[in-house]
Amino acid sequence: MTYTCPFCGSEVERMSHSFYCTFCKMEISPEDVQQDGARKKVIFSVSDVSIDDARENTSRLIEWPTNQLIVLLRLVRQERTTRYNSLRIIKKGIEHNGDFQKYAEIAGEDYEYWTRKAWVLENIIRDRSGYFPEKITDDYICKVIAQIEKINQKPMRINPKNSIISDTKG
């Protein structure tokens with residue numbers, strides 16, 4: 001078993017309380033060090049996210065993993081749609097009876113809150129990846145999970161057959 005860097009797959013040197021990667025030129029904590037060129041596993045769980053999480057302030061949401069933010073964005077967009085539909089119904093009620101004005105103001109504030117929260121999440125995701133998904137469906141999430149699982153299994157090893165050094169005969 002060889003201890004390796006989670007970023008480049010190179011063998012790391014043991015130090016007193018950490019490891020050092022000479023390729024990346026940085027210290028690696030013991031909990032981040034991998035074995036035999038394995039990648040650090042990315043865990044993606046849809047069930048770890050709820051709409052209540054969206055009430056966190058922006059500085060806390062910035063600390064969240066991107067995949068969880070994508071799931072949260074989906075929930076926030078669903079909530080915004082629900083609030084928009086409520087607002088439409090209340091506005092129709094106002095046309096028939098003006099007593100609904102107070103409810104329309106509350107519904108409008110709710111809709112604005114969830115719209116702004118969606119923008120926050122979209123912009124955090126966009127800052128990290130250059131874009132945000134326009135539509136987040138079950139199929140989209142399944143594809144992301146499948147891709148994560150595939151990459152989690154892909155080791156960082158150089159095949160000796162492809163190495164220039166082993167190909168030279170002298």
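**Helices, salt bridges and a surface patch**

Helix 2 and helix 4 run roughly antiparallel to each other, because angles over 145 degrees count that way and their axes cross at roughly 170°. Keep in mind that you're looking at a predicted model. There are eight salt bridges in the structure, and E79, R83 and D110 are linked in a network of them. On the surface, F100, Y103 and I106 make a nonpolar patch.

**How helix 2 and helix 4 pair up**

- Helix 2 covers residues 66–96 and helix 4 covers residues 138–152, and their axes come within 12 Å.
- On the helix 2 side, the residues that meet helix 4 are N67, I70, V71 and R74.
- Helix 4 answers with D138, Y140, I141, V144 and I148.

**Two neighbours in helix 4: I141 and Y140**

- I141 sits in helix 4, and Y140 is in helix 4 too.
- Is I141 buried or exposed? It's buried, because its relative accessibility is 6% and the buried class takes in anything under 20%.
- Y140 is partly exposed, with a relative accessible area of 23%.
- Leaving out residues up to four places away in sequence, I141 touches F44, V46, V71, R74 and I136. Two of these, V71 and R74, are among the helix 2 residues that meet helix 4.
- With the same residues left out, Y140 touches I70, Y131, P133 and K135. Of these, I70 is one of the helix 2 residues in the meeting with helix 4.
- For a sense of distance, take I141 and S10: they're 131 residues apart in sequence, and 32 Å separates them in space, C-alpha to C-alpha.

**The network around R83**

- R83 forms a salt bridge with E79, and the closest N and O atoms of that pair are 2.7 Å apart.
- Both R83 and E79 lie in helix 2, four residues apart, which is about one turn of the helix.
- R83 also pairs with D110 in a salt bridge, this time with the closest N and O atoms 2.8 Å apart.
- What does the pair of D110 and R83 tie together? D110 lies in helix 3 and R83 in helix 2, so the pair ties together parts that are 27 residues apart in sequence.
- How covered are the three members of the network? E79 is buried, at a relative accessible area of 19%, since the cut-off for buried is under 20%.
- R83 counts as partly exposed at 23% relative accessibility, and D110 is partly exposed at 28%.

**Another salt bridge: E56 and R60**

- E56 and R60 form a salt bridge as well, with their closest N and O atoms 3.8 Å apart.
- E56 is partly exposed, with a relative accessible area of 26%.
- R60 is partly exposed too, with a relative accessible area of 44%.

**The nonpolar patch on the surface**

- The patch made by F100, Y103 and I106 comes to about 280 Å².
- Where is I106? I106 belongs to helix 3, which spans residues 101–129. That's the helix that holds D110, the partner of R83.
- I106 counts as partly exposed, because its relative accessibility is 41% and that class lies between 20% and 50%.

Note on methods
Residues numbered from 1 in each chain as written. Predicted model: local features only at pLDDT ≥ 70, side-chain atom pairs only at ≥ 80, totals over all residues. Heavy atoms only, no water. Patch = residues over 30% accessible without salt bridge, like charges linked within 9 Å, V, L, I, M, F, W, Y side chains within 5 Å. Areas by Shrake-Rupley, 256 points an atom, 1.4 Å probe, with all protein chains shown as cover. Salt bridge = Lys/Arg side-chain N within 4 Å of Asp/Glu carboxyl O. Buried < 20%, exposed > 50% of the residue type's maximum accessible area, 1.4 Å probe, protein only. Axes fitted to C-alpha atoms, helices over the stretch in contact; angles between N-to-C directions. Parallel < 35°, antiparallel > 145°, perpendicular 65-115°, else oblique. Contact = heavy atoms within 4.5 Å.
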